[in-house]
Every structure is written in structure tokens, then in C-alpha cells.
Amino acid sequence: MENQERRKYLFMCLVGQNRSPTAARVARDLVDSINADEDDARNLDISMHYNGICLVRKREDKMDYLAGFERYFVMMEEMRDELVDLGIDRKKIECLYLDDIYGREDKDLVRRLEASLKVCFLDVK
């Protein structure tokens, strides 16, 4: 992956306190395990970011901020729809369908994220 720019992924929940930081950490762990696998030649260079949709709404530079990401992982359909309304390509948005019922690093949340994100990262090259 030499000479290739680092990809940026954004994980978004409502306020950026529980689901999205957990999702970014789980994704980072997944990428690290892919890169550590000697049989997997992908060597992914991806930086994980998280934020809350409520905080993004308040940004004056929200379109510039959002344009800097290659993929978007949102927790609920309403967030996906809001990003589409802002002009983000729907194909770049992955909805994880996780309601706002989890605390940060909740065991069930981590388990569900691991399963969902593993599928999402299978096609990353």
C-alpha cells in the first residue's frame, strides 16, 4: 500500500460518547488483526474517527468536515438519511442498526460491532 493515502472512516452515533467511540476502537482492532495476519496481504492504512451527529450539525464547516471521509458508519437509519440529505453518497454509508441503549464498551455492543464490522471490512483492499 505504498504511496497510497491513508483512508479516513467516520463512525457516528448521536452524541459521540458511547457507540461511535466503541465502534472506532473495534474497527481499529479489526484492521490491526488483518494487518498482523501474514496470510493477508492487504496492509490496510485506515484512520478511524468518531463524532456525534448532534455535534456535526452545529459545525459551520460541516460539509468540508464530512467530505474528508471515505466511508461513514452510522448507528441508525435516521443518521444515514441525514448524511444523504447533506449530499453524502449513500453507497459510502453503512448503517449498523444499533439503538441508543448501550454504554461505552458494553459487551453486547462490542459483540454486535465485531460481527457487523467484520463483514464490512471483508471487501476492503
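Me: What phi does Gly 87 take, just after H4?
Reply: Positive, about 105°. Bear in mind that this is a predicted model.

Me: And H4 itself, which residues are buried there?
Reply: H4 covers residues 77-85. Met 79, Arg 80 and Leu 83 are the buried ones. Seen down the helix axis, they fall within an arc of 100°, so they line one face of H4.

Me: What's exposed on the other side of H4?
Reply: Glu 78 and Asp 85.

Me: What covers the buried residues of H4?
Reply: The cover includes strands E1, E3 and E4 (93-95). It also includes helices H1 (19-36), H2 (53-58) and H3 (62-67).

Me: Switching to E1. How many of its residues are buried?
Reply: 6 of 7, so strand E1 (residues 7-13) is mostly covered.

Me: Which way does E1 run against E2, parallel or antiparallel?
Reply: Parallel, with 7 bridges joining E1 to E2 (residues 46-52). Arg 7 stands opposite Ile 46 in that pairing.

Me: How many bridges join E1 to E3?
Reply: 4, and those two strands run parallel. E3 spans residues 71-74. Leu 10 stands opposite Tyr 72 there.

Me: Now Asn 51. Where is its place?
Reply: In strand E2.

Me: Is Asn 51 buried or exposed?
Reply: Buried. Its relative accessible area is 11%, and the cut-off for buried is under 20%.

Me: What does the Asn 51 side chain make a polar contact with?
Reply: The side chain of Tyr 65, at 3.0 Å.

Me: Which residues is Asn 51 in contact with, leaving aside neighbours within four places in sequence?
Reply: Among them are Leu 10, Phe 11, Met 12 and Cys 13. Val 56, Arg 59 and Tyr 65 are also included.

Technical notes: Residues numbered from 1 in each chain as written. Predicted model: local features only at pLDDT ≥ 70, side-chain atom pairs only at ≥ 80, totals over all residues. Heavy atoms only, no water. Buried < 20%, exposed > 50% of the residue type's maximum accessible area, 1.4 Å probe, protein only. Pairing = 2+ DSSP bridges. Polar contact = N/O pair within 3.5 Å; in protein donor to acceptor, adjacent residues only side chain to side chain. Contact = heavy atoms within 4.5 Å. Arc of directions from axis to C-beta.
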